[in-house]
Amino acid sequence: MKIILHIALIALTLFFVPQYTIWWYIGPIAALVGFLIPYGKTFSSFLISFLISFIVWGISTGILASQNEMILADRVGNIFGVSGFGLVLITGLFAGLLTGLASASGHSLRQLFKQ
Amino acid sequence: MKYIKATILIALTTALFALCSKPHTIGDNTLPALGQFFNPFEGFWANTQEPIESGDIFNFDNLSAEVQVKTDERGVPHIFAQNMSDALFVQGFITAKDRLWQMEITQRSAAGKLAEVFGERALASDTHNRRLGNLHYAKKRLVKWHELATDESKSYLEQYAKGVNAYINQLDPKDLPFEYKLFNHSPVAFEQLHSTLIVTKMAQRLCGREEDLESTNLLAILGPELFQSLYPEFDPNQSPIIADSNQTFYETPLPTLDEVDTYSYQAYEKPNPSNGSNNWAVSGSKTKSGNPILCNDPHLGMTLPSVWYEIQIHTPEVNVYGVTLPGIPGVIIGFNEDIAWGVTNVSHDVTDFYEINWLDEAKTSYQYLDEIKQVESVQDTIWIAGQDPFIQTLKITEIGPVMFESDHAGDQDLIMRWLVNEMPQTFELSTFLDLCKAKNYEDYRAALRSYSIPAQNIVFADKHGDIALTVTGKFPLKETGQGRFIHKTLTAENLWKGYIPFDSLPHAYNPEQAFVGSANQRSTGPNYPFYYNGFFDHYRGRILNQKLAAMDDITVEDMMQLQNDEESLIAQDLLPTLLERLNQSDLNSTQKGMIEHLQNWNGYYTKEDIAPVIFSKWWSNLYQLCWDEIEVLQKDYAVNKPASWNTIALIKEQPSHPYFDIVETPEKETANDLINQAFEQTYTELQDKINLEYYNWGHYWSTDIQHLSKLPALSRNDLEVGGYMHALKAIRGSHGPSWRMIVELGDYPKAYGVYPGGQSGNPASPLYDSNLDAWAEGEYFELQFLKGLDDNRFETDYSTLTFKKS
């Protein structure tokens, strides 16, 4: 149940927060999720946030990129030395790493209070 | 342990978020704030979505009536308005939709405000442009425009700017053009001053060339006799735009050695010498259909987004189609239902330098003729992204800025008088606005009267059968020879005496030869009574006049071929001499093969051919060997090497000229020795490549169409297109035909055009470079010159936008 709640909260955060507020609010929110929904190890918290963020940003950008027939993805990928598809993956990994670490931070902070 | 883990994680997370929230400079490059940049909903990914869709309706209180815009499949907007004022408001809006970032960068570049965006790497260009006086004089020019323009034409400039700003104001941050996100800045409001600056920028490119410092140093060092033989003013082979019966040019007397000095100043970067163009019009008597045909291809730096923006403007009074520079209202090169016009650059030298006679040590007052004048000191702040601003003091005199200032006693400070910094006597943009509605030759001439900078050969044809060409613009009235060298004194004699009157400007109207044309060559034959010097083409003008004279029953297809003609007379002028003087007795089989290629070559710079590579390398090696003496001088002084055409003339006519000797060797070389050495060098360079299948002219002379930021990822580089700077298809590096247009006049004009880019400035759009491949192949699009809103002749599925008065 906690995992489902975690998944849902991170997914909603990654989808709505960057559209309507400031992008880095995803950090504090993911940390709060890690802090308030404690289960398993810190690494599980990291992994769930990482995967969900990767999927949400990866799919969102994947759809945009393919609707655009990869024109922009390929061009911007070229700036960073990767393919258009590589850039979609990087966008997902980028979100995953940021929120994963934020959730892990929240989770590890919670561990301190457990004592 | 837990504490350590938590501390590390929290620190790492915070650091990562902080890192991704700010832009960073790595070397010369600025990385955007990655978090926002990668944000799929607001970052660069959002640029994959078009912010405006077909069917959208906008309401603006700047409009007096409804305006409809139909956009064709190439992204060309066709604006249907009830009056010009409404049309130009919408032109501003639509141009901003497609080219906002380009408009901002162009005006910033002219104003010297690039460092504010790109940081220190743009500082040198900014300080130079400020010193030229671009921003200072553009502000004054705009004030003058406001004084001189009619209320109607003033409102045009205003409406256009308002249109651009209307677009900016409705822009959601996620829809900011891609480059704003990449380079981390926001659009500034568009001002009328920015249109003025964009005119200044074009003038800088087209009439900013001069070599007063270089020529003066050379004359002072070499002495008049040697200078005259290496740097003559007139090419006897040239074919002027307006020829006269007299073909003999007499060299202008040179100043004596007492009248010139050397200067240790570094020359500043000059505009690219390949900025030029072709235009011509043929009478109905020379065409198959009996209708006049007008052609134009301006050669400029070819960039993405493209320098030109295609548009049609339709009102009850005006129906015009053509291209303009983003930031300039109306149409600059184009046609309407009655006439067509096109431009090429005139290339007269309109910059003079004078030593300034300071009257005090602090350099605040100076002698100006009989008067003592104070310089206007302008504290000029250049903002730099991420750094403290750079502040320089500009000193402005009665006739222009102090361009060169010396910090030691050896050199005198120099004032630059540049035509572009002179105040206009007319509202200059009205020329193009008047041409948009011109109906005949008289209207064309009337429109040209208000034109000033940058001077252009404006060609004309109309449906009544008239053709004409006018060397148009403001030209200083000079004494013979004046302004070629730096003047040591500033006197009433060596100041400009006003301007050449409009009616005395070189001009051809329905000439007997039944064509008019220009390709940046000298404007006139020797009988023209007014002195000018400049930077003239020596090959395209000749071949254009030859080819047009030989043509008859001309069709539009013939004109397309002529615009894409790859032949150059430089091969005809030089190659026979090279082959004749090459010692061919000891050649190996590869060398013999090279010679065979050259013997079989027709002088066309075709991309599949290897012969032009061999010739071009041979010629460039030879040219290098010829001017080693000048290279020695270049270590201490700003000096230029002699022109190609004169190098060729000297090789042919004076092979024993002392300057053909290579200084470093004990032997006494002649031009013939250099020809043989240069061939040997060429062989060494080419022996491994010459038989490779891919190695040909197209590969060797490839073209880069670069994004304005020069980022390769946003550019289309290494295009193999053929052509040569001295051929009508004038391609060199990133320079070349930036727009090709052919218009056949008649009951209703039929027109064709293409440019190396696309209408959209958005790198995510298929229209970003959609015309480029056709351009590279020498193909054209039929231009959809619509008769009205309901014209369906082109069977195009137009997208539509509606602008309503609110």
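Visitor: Which residues does B:Glu629 touch, not counting residues up to four places away in sequence?

Guide: Let's find its spot along the chain: B:Glu629 lies in helix α18 of chain B, residues 628-634 (a helix is a DSSP run of H or I, at least four residues, numbered from the N terminus). Touching here is a contact, with heavy atoms within 4.5 Å. Leaving out residues up to four places away in sequence, the partners are B:Pro658, B:Tyr659, B:Asp661 and B:Val663.

Visitor: What kind of model is this?

Guide: Residues are numbered from 1 along each chain as its sequence is written, while chains are lettered from A and ligands numbered from 1 in the order in which they are written. Side-chain values use heavy atoms, without hydrogens and water; local features need pLDDT of at least 70, side-chain atom pairs count only at pLDDT 80 or more, and totals for chains, interfaces and linings use all residues, as this is a predicted model.

Visitor: How far from B:Glu629 is the nearest side chain of opposite charge?

Guide: B:Glu629 is buried, meaning under 20% relative accessible area (1.4 Å probe, protein chains only). Still, B:Glu629 has no salt bridge, which would take a side-chain nitrogen of Lys or Arg within 4 Å of a carboxyl oxygen of Asp or Glu. The nearest opposite charge is on B:Lys668, and the distance is 7.9 Å.

Visitor: How many aromatic pairs are there over all chains, and what type is the one between B:Phe93 and B:Tyr167?

Guide: Rings of Phe, Tyr and Trp (its six-membered ring) pair if their centres lie within 6.5 Å; planes under 30 degrees apart are stacked, over 60 edge-to-face, the rest tilted. That gives 63 pairs over all chains. For B:Phe93 and B:Tyr167 the centres are 5.3 Å apart and the planes at 90°, so this pair is edge-to-face.

Visitor: Which helices does that pair link?

Guide: Both B:Phe93 and B:Tyr167 are buried. They sit 74 residues apart, so to speak on distant parts of the chain. B:Phe93 is in α3 (residues 84-111) and B:Tyr167 in α7 (residues 151-169), so the helices are α3 and α7 of chain B.

Visitor: Which strands stand at the edges of the sheet β8-β24-β25 in chain B?

Guide: This is an open sheet of three strands with mixed pairing; strands are DSSP runs of E, at least two residues, and two of them pair if DSSP finds at least two bridges between them. β8 and β24 (residues 703-707) of chain B pair in the parallel sense over two bridges, with B:Thr303 opposite B:Gln706. Two strands have a single partner each, so one side of each lacks a neighbour in the sheet: β8 (303-304) and β25 (716-719).

Visitor: What covers the buried residues of α4 in chain A?

Guide: Chain A has five helices and zero strands. In α4 (residues 71-79), the buried residues are A:Ile71, A:Leu72, A:Ala73, A:Arg75, A:Val76 and A:Gly77. The cover comes from both chains, including α3 (42-67) and α5 (84-114) of chain A with α2 (34-38) and α8 (178-182) of chain B.

Visitor: What is the relative accessible area of B:Tyr539?

Guide: B:Tyr539 is in the loop between β23 (515-518) and α13 (540-550) of chain B. Among the residues that B:Tyr539 touches are B:Ile570, B:Trp645 and B:His726. B:Tyr539 counts as buried, and its relative accessible area is 3%.

Note on methods:
Buried < 20%, exposed > 50% of the residue type's maximum accessible area, 1.4 Å probe, protein only. Lys, Arg positive; Asp, Glu negative; His and termini not counted.
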